[in-house]
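Student: Could we go through this protein together? I'd like to see how you reason from the picture.

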Amino acid sequence: MSTPLIRLAVIIGSNRDGRFGPVIANWFVEQAKQHGNYDVDLIDLAELNLPSVLPAFGAAPSAETTEAVGALTPRLAQADAFVVLTPEYNHSYPAVLKVAIDWHNAEWHGKPVGFVCYGGFSAGLRAVEHLRGVFAELNAVTIRETVSFAGAWGQFDETGAPRDPEGVNTAAKTLLDQLEWWAEGLREARAKTPFKG
């Protein structure tokens, strides 16, 4: 009996004009597909137009808000694992990513989260460190291995291919292997005992 593929949601966490995230996302999605154990759903937050204002605590969101958020919610709920692709803005991660995270709660519970990050000298790693605390609060498990790109714009050629494919492809495989271990174990645990957050 074969193990079902891991449903992996890859989230592009920037909606800035001229962003570089989709270039990295296209490369990473291809790595996940080549890995062979993932069914990949690429979620581009720039396409979702999520509302940035949360309703008053305890209040129900408007019908328009429910519809906008509803385009994302089932995709997160169905995922067994996540990879968040984030740039670093002002020593942290983009606002649109926090909005997407904060509109959801149970969808993150008991699931692993990996990170691919990019930026200048710091390679986006400070954004990832902030996200680790956020996801811990949401009862998600973050993966130790991270794929990071310092000076990301120079790391890919004009076709969107990495200039050092061996190094970054190896890093992606390491992350995906670790994510697979956690995703399979946590999926089995959730099936046996529903998560109580």
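Tutor: Sure! Keep in mind that this is a predicted model. Let's begin at the surface: the protein chain exposes about 10200 Å².

Student: What share of that exposed area do carbon and sulfur atoms supply?

Tutor: Take the roughly 10200 Å² that the protein chain exposes as the whole. The part supplied by carbon and sulfur atoms is 53%.

Student: And what radius of gyration does the protein chain have, next to that of a compact globule?

Tutor: Start from the chain length, which is 197 residues. A compact globule with that many residues would come out near 16 Å. The protein chain agrees with that, because its own value is 17 Å.

Student: How many helices and strands are there, and what pattern do they follow?

Tutor: The count for the protein chain is 6 helices and 5 strands. Now read along the sequence, and you get the pattern β-α-β-α-α-β-α-β-α-β-α.

Student: Which loop holds Asn90, and is Asn90 buried or exposed?

Tutor: Asn90 sits in the loop between strand 3 (81-87) and helix 4 (95-102). Its phi is near 50°, a positive value in a residue other than glycine. Most residues other than glycine have a negative phi. As for cover, the relative accessible area of Asn90 is 79%, so Asn90 is exposed.

Student: What about His91: where is it, and how accessible?

Tutor: His91 is also placed in the loop between strand 3 and helix 4. Phi of His91 is positive too, near 75°. Its relative accessibility is 43%, so His91 counts as partly exposed.

Technical notes. Residues are numbered from 1 along each chain as its sequence is written. This is a predicted model: local features need pLDDT of at least 70, side-chain atom pairs count only at pLDDT 80 or more; totals for chains, interfaces and linings use all residues. Side-chain values use heavy atoms; hydrogens and water are left out. Helices (H or I, at least four residues) and strands (E, at least two) are DSSP runs, numbered from the N terminus. Buried means under 20% relative accessible area, exposed over 50%, partly exposed in between (1.4 Å probe, protein chains only). The radius of gyration is taken over C-alpha atoms; the globule rule is 2.2 Å times the number of residues to the power 0.38. Accessible areas come from the Shrake-Rupley method with a 1.4 Å probe; for residues, only the protein chains shown count as cover.
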